Amino acid sequence: MSMTLKKIALLLIVVALISGCTQKQKEKNNLNILLKHNLVKYAKNFKLIPFKAENSRGYILYVKNDKKWNVYILYNGTKPNISFVKNPIYIKIPVKRLIVMSSTHLAMLEAINATNCLVGFMYGGNYKIYFKDVAEKLKEGKILNVGSPYNPDYEKILKLHPDLVVIYVAMNNYKVAEKLKELNVPFVIDSEWKENTPLGRVEWVKFFGAITGKESIACKYFNRIVENITKIKEKVKDANRPTLVWALIWHGRVYMPSNTSYVANMVRDAGCTYLGFNGSAYTTTNIANLIKIANNADYFIYASYFAKNLTYIKNIDPRLTEIKAFKDGRIYNITPDYWQLGYIHTDRVIEDLAAITHPNLFRGYKPHYFVRLK
Amino acid sequence: MTKKLFLLLILLTVSIFLGIIIGSVNASIFDLIKFLSGKNDVLGYIVFEVRMPRTFAAAIAGASLAVSGLLLQTYFRNPLAGPYVLGISSAASFGVALYILAGVILVPNFSFYAPAFVVSALLGSAIAILVLVLVAAKVRSGVTLLIVGLMIGYAFSAVDQILITFANARNVQIYILWSFGTFSGVTWSYLEFMLIILLPVIVSSFFLSKSLNALLLGEEYAKTMGINVKVVRIAIMCISAILTAVVTAYCGIIAFVGLAVPHIVRLFFKTSNHFILIPASALAGASITVLCDIIARMLLNPIELPISVVTSLFGAPIVIYLVINR
């Protein structure tokens with residue numbers, strides 16, 4: 001008797017599972033996922049899959065954070081019911097009232113001419129904004145300064161009634177996501193800063209395009225950057241590959257992007273050999289190790305705009321005068337707008353590097369984001 | 001005395017009221033009432049969800065640190081003792097530094113999980129508390145314990161520094177920011193946890209009042225009064241350490257309150273009776289911290305100052321004035 005009962009129970013479970021699966025399959029078909037493939041090619045930390053439901057269309061957005069994928073349903077129209085995606089967060093697009101946390105987010109919005117939807121920025125107010133329209137609106141209060149990324153002013157954020165807040169979660173602001181969650185403020189944790197290739201980073205523009213309804217502009221912009229970078233790579237493909245070191249020295253400690261970093265890959269795209277250490281995104285070392293690695297490097301990028309001349313480098317440590325790049329006068333610093341405008345013009349940054357290191361191939365070219373120290 | 005305690009209670013009520021009504025957005029207590037009565041009011045929501053948890057967190061943290069400081073100053077009979085003298089903060093920082101910095105070094109594409117910061121700080125502190133209690137059970141005098149506490153602090157700081165040496169600039173900045181201390185972003189669930197642990201511990205410290213009064217004249221005298229010094233010593237260590245550890249884990253390091261509030265209270269009440277001093281320190285610590293938090297978030301709004309900057313800058317002159325004029 002008990003065996004028969006067990007069999008019936010088992011049969012019921014199997015039937016339930018099969019019908020559940022069929023239901024989900026049906027739902028998937030009903031959704032008519034336009035492109036079954038991810039729109040994202042280079043970035044590793046997000047996926048964007050378009051869908052079209054009965055009364056709405058949009059994207060299923062996957063963003064990697066904490067080694068898990070957060071799923072967002074970006075929908076335009078009626079809220080779709082997509083139960084085959086586990087615990088999704090629904091966000092109505094296009095977003096009309098957006099708050100962002102980083103100047104890199106500003107850069108992405110600027111690139112697709114979507115800063116109009118900005119109502120708040122976690123600025124803090126301790127650095128210059130190079131995006132003229134944003135700077136002006138911040139001054140006029142049309143974009144509200146809602147505090148720093150590590151201690152934002154939640155009161156102002158709530159008062160702004162944002163449709164969406166785009167944040168990054170690093171060690172200094174890990175509490176922000178939790179507080180926004182408690183406050184029921186819709187937010188997306190972006191991981192663009194974790195991408196380790198230039199195109200991977202730039203591709204996040206598609207995410208900003210999707211949320212602001214500027215998908216086609218974002219795609220055009222991205223394709224243009226890809227095309228330009230491909231051209232540069234083509235141009236330097238057969239040329240010799242000079243060696244390049246990229247470092248910043250602060251209080252005797254040397255900070256260098258590692259061999260797998262975004263910077264290293266950008267330098268490689270410019271036709272150079274990157275000299276760095278293996279490890280996570282950044283390596284911290286001492287000046288002796290830097291000298292060892294930079295001794296015969298053809299070029300040295302000092303990643304700060306505080307360095308105005310070679311004397312500055314000499315004053316950091318006189319031993320630096322012994323490295324090849326110093327003797328040859330091939331030490332460059334970055335311009336103050338590098339971290340903002342350079343983000344929009346990644347192709348230009350790579351072209352600058354390629355032109356600096358392959359002057360014969362780029363005759364008459366004037367670099368913008370790097371300045372030769374004298 | 002009771003009158004003065006009542007005054008402090010009023011001060012705390014006023015501070016909390018101010019903490020709730022002052023903010024970057026123009027919201028009042030009526031908005032809160034509207035929200036609580038079920039109306040969909042964003043201003044009331046701001047008061048309830050943003051200002052209330054942080055104000056109550058500031059109050060409970062201030063009370064905890066002040067009581068912790070008082071207990072240690074009495075036990076060590078040292079006016080310079082404070083909650084951080086036992087190395088608890090260094091140990092909590094060590095836990096966090098290990099999580100932040102070692103995690104980054106060992107795990108590629110390391111990401112952060114908010115509760116892990118609290119857990120790592122608590123685990124770091126737990127190591128220090130365990131060592132302290134073990135030592136407290138063995139040593140004969142408070143001075144030895146004080147030295148051990150300081151040494152624990154140095155040892156953990158040293159390990160912190162090793163980890164910092166291997167971290168990149170950004171992570172170091174982040175770690176330093178963590179150690180500054182803030183009540184920003186405190187959620188109701190964090191506050192709940194803080195209250196569940198801290199309130200009973202603060203209340204239990206009151207039961208040590210008689211022993212603390214006896215300890216003012218030294219351990220030997222306390223023994224003659226029939227006090228079990230060893231048990232009291234362990235109890236003081238446990239209470240102070242737990243109070244400090246939980247506050248540090250949730251809000252980072254908050255300077256000055258634990259050291260200065262007991263002085264302010266002693267001078268205000270002109271007594272060394274712990275039946276008065278413990279509740280008074282809790283009330284004064286809570287009020288001062290809440291007021292300092294209001295200054296921290298409003299002075300340069302929307303930029304928020306680290307709470308320790310305010311507690312130290314505004315508190316130090318008050319203590320200097322009180323000490324000189326006593």
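Two strands pair if DSSP finds at least two bridges between them. The exercises below apply this rule, among others, to a predicted model.

**Exercise 1. Describe the sheet to which strand E4 of chain A belongs, and find the bridge partner of A:Ile73 in E4(A).**

Solution. Begin with the order of the strands: four of them form an open sheet, arranged E1-E2-E3-E4 in chain A, and the pairing is mixed. The edges of this sheet are strand E1 (46–52) and strand E4 (89–92) of chain A, each of which pairs on one side only. From one strand to the next the twist averages 25°. Turning to the pairing of E4(A), strand E3 (residues 68–77) of chain A runs parallel to E4(A), and four bridges join the two. Within this pairing, A:Ile73 has A:Tyr90 in E4(A) as its bridge partner. Finally, helix H7 (residues 205–212) of chain A packs on the sheet, where the helix touches E1, strand E2 (56–65) and E3 of chain A, and its direction makes about 35° with that of E1(A).

**Exercise 2. Determine whether A:Glu215 is buried or exposed, and place this residue in its surroundings.**

Solution. First locate the residue: A:Glu215 is found in helix H8 of chain A, which covers residues 215–236. Next apply the cut-off, under which a residue is buried if 20 or more other C-beta atoms lie within 10 Å of its own. Because A:Glu215 has 20 C-beta neighbours inside 10 Å, it counts as buried. Then look at its contacts: leaving aside residues up to four places away in sequence, A:Glu215 touches A:Gly209 and A:Ala210. As a further reference point, A:Val205 lies 10 residues from A:Glu215 along the chain, and their C-alpha atoms are separated by 8.8 Å. For the chain as a whole, 47% of the 374 residues of chain A count as buried.

**Exercise 3. Identify the strands that pair with strand E10 of chain A, and explain why E10(A) is described as largely enclosed.**

Solution. Take the parallel partners to begin with. Strand E14 (residues 299–302) of chain A pairs with E10(A) in the parallel sense over four bridges, and here A:Val245 has A:Phe300 in E14(A) as its bridge partner. Strand E12 (residues 273–274) of chain A also runs parallel to E10(A), joined to it by two bridges, with A:Thr243 standing opposite A:Thr273. The antiparallel pairing is with strand E11 (residues 253–257) of chain A, over three bridges, and in it A:Leu248 stands opposite A:Tyr255. E10(A) and E11(A) form a hairpin with two residues between them, and A:His251 in the turn has a positive phi of about 50°. As for enclosure, six of the eight residues of E10(A) (residues 243–250) are buried, so this strand is largely enclosed by the rest of the structure.

**Exercise 4. Characterise the contact between the two assigned domains of chain A, starting from their bounds.**

Solution. The domain assignment gives domain 1 (64–225) and domain 2 (239–372) in chain A, and the C-alpha centres of these domains lie 30 Å apart. To the contact, domain 1 of chain A gives 15 residues and domain 2 of chain A gives 16 residues. On the side of domain 1, the elements that give two or more residues are helix H2 (103–111) and helix H6 (198–202) of chain A, and the largest share, five residues, comes from H2(A). By residue class, the side of domain 1 that touches domain 2 divides into seven nonpolar, four polar and four charged residues.

Definitions and conventions
Residues are numbered from 1 along each chain as its sequence is written. Chains are lettered from A and ligands numbered from 1 in the order in which they are written. This is a predicted model: local features need pLDDT of at least 70, side-chain atom pairs count only at pLDDT 80 or more; totals for chains, interfaces and linings use all residues. A residue is buried if 20 or more other C-beta atoms lie within 10 Å of its own, exposed if 12 or fewer, and partly exposed in between; C-beta atoms are placed from the backbone. Two residues are in contact if their C-beta atoms, placed from the backbone, lie within 7 Å. Domain bounds come from an automatic or database domain assignment. Ala, Val, Leu, Ile, Met, Phe, Trp, Tyr, Cys and Pro count as nonpolar, Asp, Glu, Lys and Arg as charged, and the others, Gly among them, as polar. Axes are lines fitted to C-alpha atoms, for helices over the stretch in contact, and angles run from 0 to 180 degrees between N-to-C directions.
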